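Visitor: Please take a close look at one part of this model for me. I would like the loops and their backbone first, then whatever pocket comes after them.

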Amino acid sequence: MDRPPSKSVCVFDFDGTLVDSMSGFADLAAELMAEHFGLDREPARQDYLRTSGLPFFQQLESLRPGDPRNAGVAERFEAAKQAEYFERPFFSEVPAAIDELQGHGIRAVVSSNNGQEIVEEFLQKKPRPRFDLVLGFRKNFAKGQAHFDKVLEHFGLQARDMLFVGDSLHDAQKAAEFGVDFVGRIGTFSAAQFKTVHPELRTIRGLDELTRVLCR
């Protein structure tokens, strides 16, 4: 970085932003939705991706409000997901990118709608990177305002000091609602799709591009 960074903390969504897992999750969700709801797999897969960023049981409720099968399908999804979840890798550039940010004094935080214990176990199995704070999902504590409030309280910061990085339109919407700057990682959604949330929204293809964003 040639200039001082513009933020003190970067908050990262987990799946699809740090961890290369979304394609596998989409395939699993499509399989279960086809089996239990009689849907065609490709439209079901697209529905999963379109509503990504929410816990899966909330995705199902948004797609099939009040369907009594939702809870059972969500339980099967979570159980099957964990069978190989801990073997999924970080995107290749992530460890070095996080190390670089921390080397410049920027804290790195995980914000995930996976359960707290699952996220912590995943990270314990990886030698690096090491994060300054890890926030997972639990009752009344989800990605979005609850996590953002915790980050600001924990580090004694204000919203202007924080950047949120995510791969979903839901992530972008949560950032906009809270009033925190956001950068979208292209992959699950395109740059054009992100700009439907806000036309000036910035996007990157990998975390190794974050330094230029933080020094603009």
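Guide: Pro129 sits in the loop between helix 6 (116-124) and strand 3 (133-137). This is a predicted model. The peptide bond leading from Arg128 into Pro129 is cis. Its omega is near 5 degrees.

Go past strand 3 and the next loop holds Asn140. That loop runs between strand 3 and helix 7 (145-155). Look at the backbone of Asn140: phi is near 60 degrees. That is a positive value, and the residue is not glycine. Is Asn140 buried or exposed? Asn140 has 71% relative accessibility. The cut-off for exposed is over 50%, so Asn140 counts as exposed.

Now the largest pocket. Its volume is about 180 Å³. Which elements supply at least two residues each of its lining? They are helix 8 (169-178) and strand 5 (181-185). Helix 8 gives the largest share, three residues.

Here is the lining by name. It starts with Ala172, Ala175 and Ala176. Gly179, Val180, Asp181 and Phe182 also line the pocket. Val197, His198, Glu200, Leu201 and Arg202 complete the list.

What is the chemical make-up of that lining? Seven residues are nonpolar. Two are polar and three are charged. Asp181, Glu200 and Arg202 are the charged ones. Gly179 and His198 count as polar.

Conventions: Residues numbered from 1 in each chain as written. Predicted model: local features only at pLDDT ≥ 70, side-chain atom pairs only at ≥ 80, totals over all residues. Heavy atoms only, no water. 1 Å grid on protein atoms, 1.4 Å probe; cavity = no way out; pocket = protein on both sides within 12 Å on 5 of 7 lines; lining within 4 Å. Points joined across faces, edges and corners; volume = space filled by probe spheres on them. Helix = DSSP H or I, 4+ residues; strand = E, 2+ residues; numbered from the N terminus. Buried < 20%, exposed > 50% of the residue type's maximum accessible area, 1.4 Å probe, protein only.
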